[in-house]
Amino acid sequence: MEIDCPPEESITSTFDEDSVELGDVKDMRLEADAIVNDVLFAVNEMHVSQSLTRALDMAYINVETREGNRYCLELTEAGLRVVGYAFDEVNEELNTQYHETVYSLLDNLSPGYREAFGNALLQRLERLKQNGQ
């Protein structure tokens with residue numbers, strides 16, 4: 001069925017593909033990049049996995065602690081958890097605890113991280129103290 005519209009009543013679309021909102025879903029790929037940038041100073045190596053499948057609601061991060069231990073971390077809305085004991089390794093049989101923050105997870109895994117984080121905090125406080133006097 002066809003409907004004729006006079007030219008002055010032309011129909012225009014207001015849909016803009018760039019303005020589609022994701023609702024309440026966080027982009028975990030962006031979150032993973034932010035996590036890496038935030039704690040890279042306190043570990044030997046850390047990067048977002050390029051070989052494991054990434055989705056909007058999940059990302060994988062490879063980390064090597066100061067002690068030389070390697071882990072593959074899964075990042076979801078539930079938090080972070082260890083899913084493998086090598087880079088880009090996902091062991092479906094692992095049933096590890098979720099951590100709300102990367103700080104909590106690394107604090108649990110790495111005394112070297114804990115020390116580096118504490119030292120960085122002390123240095124920052126010293127700078128603030130010096131700038132305040």
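Reader: Which residue in β2 does V48 stand opposite?

Author: This is a predicted model. β1 and β2 pair in the antiparallel sense, over 4 bridges. Across from V48, the β2 residue is I61.

Reader: Which residues of β1 form its covered face, and which its uncovered one?

Author: In a regular strand, side chains alternate between the two faces of the sheet. In β1, E45 and H47 make up the uncovered face. The covered face consists of M46 and V48.

Reader: Which members of the largest nonpolar core touch the most other members?

Author: This core holds 22 residues. Each of α1, β1, β2, β3, β4, α2 and α3 supplies at least two of them. The members that touch the most others are M46, I61, L73, L80 and L106.

Reader: Which element gives the most to this core?

Author: Several elements share in the core, among them β1 (45-48), β2 (59-64) and α3 (111-132), with at least two residues each. The top contributor gives 5 residues. That element is α1.

Reader: Which residues is L73 in contact with, leaving aside its neighbours within four places in sequence?

Author: L73 is one of the core members that touch the most others. Its contacts include A59, Y60, I61 and V63. The rest of the list is L80, R81, V82, V83 and L105.

Reader: Is Q97 buried or exposed?

Author: Q97 is found in the loop between β4 (79-84) and α2 (102-109). Its relative accessibility is 57%. The cut-off for exposed is over 50%. Q97 therefore counts as exposed.

Reader: How far apart in space are Q97 and R81, C-alpha to C-alpha?

Author: Q97 touches L80 and R81, not counting residues up to four places away in sequence. Q97 and R81 lie 16 residues apart in sequence. In space, their C-alpha atoms are separated by 6.0 Å.

Reader: How much space lies in the largest pocket, and which lining residues are closest to its centre?

Author: The largest pocket has about 210 Å³ of space. Its lining is made of 15 residues. Closest to the centre are K26, E31, I35, L75 and E100.

Reader: Which element gives the most to the lining of the largest pocket?

Author: α1 (28-39), β3 (70-76), β4 and α2 each supply at least two lining residues. The biggest share is 5 residues. It comes from α1.

Reader: How many residues of that lining are nonpolar, polar and charged?

Author: The lining of the largest pocket mixes three classes of residue. The split is 7 nonpolar, 3 polar and 5 charged.

Notes. Residues numbered from 1 in each chain as written. Predicted model: local features only at pLDDT ≥ 70, side-chain atom pairs only at ≥ 80, totals over all residues. Heavy atoms only, no water. Buried < 20%, exposed > 50% of the residue type's maximum accessible area, 1.4 Å probe, protein only. Contact = heavy atoms within 4.5 Å. 1 Å grid on protein atoms, 1.4 Å probe; cavity = no way out; pocket = protein on both sides within 12 Å on 5 of 7 lines; lining within 4 Å. Points joined across faces, edges and corners; volume = space filled by probe spheres on them. Nonpolar A, V, L, I, M, F, W, Y, C, P; charged D, E, K, R; others polar. Core = buried A, V, L, I, M, F, W, Y, C linked by side-chain atoms within 4.5 Å. Pairing = 2+ DSSP bridges.
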